[in-house]
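Dear colleague,

Please find below the structure I promised to pass on. My notes on it follow directly after.

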Amino acid sequence: MKHFLTAALAGLALAGALLGGPAHAQGPAPTDPHMQWWRDARFGMFIHWGPISVKGTEISWSRNPNPYGENKGGIPAVEYDNLYKQFNPEKFDAKAIVALAKAAGMKYIVLTCKHHDGFAEWDSKLTDYKITSPESPYQKDIVKQLADATRAAGLHWCVYYSQPDLHHPDYDVNQPAYDKYFHAQVHELLTNYGKVDLMWFDGIGHKSEFWDAPTLFQEMRAVNPNLIINDRCGLPGDYYTPEQRIGAYDDQRPWETCMTIGDQWSYKPGDRYKSAAQCIQTLAKCAGGDGNLLLNIGPQPDGAVDPTQADRLRAMAAWMKTRGVSITGTRGGPYKPTSSYVSTRKGNTVYVHVLRWAEDSVTLPALPKRIVKSRLVGKGSASVTQNHDSVTISVPAKDRDAADTVVALQLDGSAMDVAAIDSPTSKLTASASNVFEGSADYDASKAFDDDTSSRWASDTGTKPVWLQAEFAQTAKISGVTIAEAYAGRVQKFEIQYQAPGSSDWTTLTTGTKLGEDYTAQFAPVTAKAVRLNILETTESPTISEISFTPAK
């Protein structure tokens, strides 16, 4: 494997500039010892599964009434609550599912032992609404099978338990009585199936007193003092849980993104699945933001894993086999994630994950320590040039990974005390001429948050409409990348910029189609603001992400 490091460090003056940053060191916060295995894991499997897979609609939320007590159509409660009498997952193979997870680099498994619908996937002695009921054709304890297989494979067994329970008559009616019931079920799960390493609660909009959470936490920690608990029981817990979105960079408090491979948590025939590249990049972005990824699968009603979901995990396994060193056991940073690159670190090494090559190379802000060695993680070569104001990485096209190319930078000191580094174009103020219903969920900032699951949107029939980024400091850029959330709506557009000291807009490029992955390159310009001016559309435009290519 070839290694190239441009000798750009000649002279004491340059060396001094590289090392002469702020006197204070920062870096990620230390990890609590009982959280260390989880922090190192970075990647886990979520499993949403139950009798609703027979129908192929969303777990709990397709029941009428739903967990919010709303009547929004769906499956009538009397029908939904009897689906378990048809649920016979004879092809369920716990060892095969665990093997799939382990090969993909997942270190822990979280099963929905009970979702909001109240159905128990174990032999609970407190209810007949369970997988081992005499009226269940399956009558085998799913929790036991999966817990045993998980621990046998050396992975961490974790329990999802929903406090809301649509089936129990006392829930939200005689809450003290219900709390005793669900505390007792949690105790069953913690004591009857071997060691549980993590409890994943899923309360909806209630304070800790509603669940008698202080008492519950005390009871759980009496069983396992090192039990990790999430933040969905009215108390902060050990970590927080962004859902269906990638968390923002946070190296001070632990977090975990939970996300589906498709659109739905439970099995859905013909679901719209993320590509293998999207799954790999989601993992990299979570790790780069110093968080974990809990990636969900929804087994079929017969117990088998959906073939497309299995294929996605196998693709991740192939990528992790070579590049897992840049994920497992790392911390995020020091470069904060962008749509083009993220970074992770361990010891003296920074792993740069290049997700998008707008040009032949990618340019990053300066590092405050010297790079003494670099290599491409995987087969091939990488060229790295370090100057006083930047780090430039080049990888031949033939050596790049289609999803995530990883380059390891070995520093002359620890990478762990380097303060987080912003992209030159990440500090900006976003604005738009129109926002869908004035909603903060669709405001202009959503197009510049390095999260493709969020988006800016405008009201129906609004055109022309513009979306703008004003930089905190002038930025030198030579390209732009735009992801249209619903490809094909934009029919005519122009990209413009304002130079420092000018109020005029100068057009950089025009076009008639954006799509999901539009990229434009242009001669380097120094800009105080950049604007996407949308002139013609078929429907209201919506943009999931805009990013800029720093000029060399």
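Which backbone oxygen does the side chain of Ser266 reach? In this predicted model, the partner is the backbone oxygen of Thr57, at 2.9 Å. Ser266 lies in the loop that runs between β9 (256-260) and α9 (276-288). With a relative accessible area of 3%, against a cut-off of under 20%, Ser266 is therefore buried. Apart from neighbours within four places in sequence, the residues in contact with Ser266 are His48, Ile52, Thr57, Glu58, Ile59 and Gly298.

I turn next to a pair of helices. Two packed helices are described by the angle between their axes and the distance between the axes. For α4 (residues 94-103) and α5 (residues 142-152), the axes come within 9 Å and cross at roughly 45°. The two helices are therefore oblique to each other, and their crossing is right-handed. On the α4 side, Ala94, Lys95 and Val98 take part, and they meet Gln145, Leu146, Ala149 and Thr150 of α5. By character, the residues of this contact divide into 4 nonpolar, 2 polar and 1 charged.

The last site is Ala527, which is placed in strand β24 (residues 518-537). Ala527 counts as buried, because its relative accessibility is 0%. Leaving aside neighbours within four places in sequence, Ala527 is in contact with Phe471, Thr474, Ala475, Tyr497 and Gln498. Between Ala527 and Gly329 there are 39 Å in space, C-alpha to C-alpha, and the two are 198 residues apart in sequence.

With kind regards

Note on methods: Residues numbered from 1 in each chain as written. Predicted model: local features only at pLDDT ≥ 70, side-chain atom pairs only at ≥ 80, totals over all residues. Heavy atoms only, no water. Helix = DSSP H or I, 4+ residues; strand = E, 2+ residues; numbered from the N terminus. Buried < 20%, exposed > 50% of the residue type's maximum accessible area, 1.4 Å probe, protein only. Polar contact = N/O pair within 3.5 Å; in protein donor to acceptor, adjacent residues only side chain to side chain. Contact = heavy atoms within 4.5 Å. Axes fitted to C-alpha atoms, helices over the stretch in contact; angles between N-to-C directions. Parallel < 35°, antiparallel > 145°, perpendicular 65-115°, else oblique. Left-handed = near helix turned anticlockwise from the far one by under 90°. Nonpolar A, V, L, I, M, F, W, Y, C, P; charged D, E, K, R; others polar.
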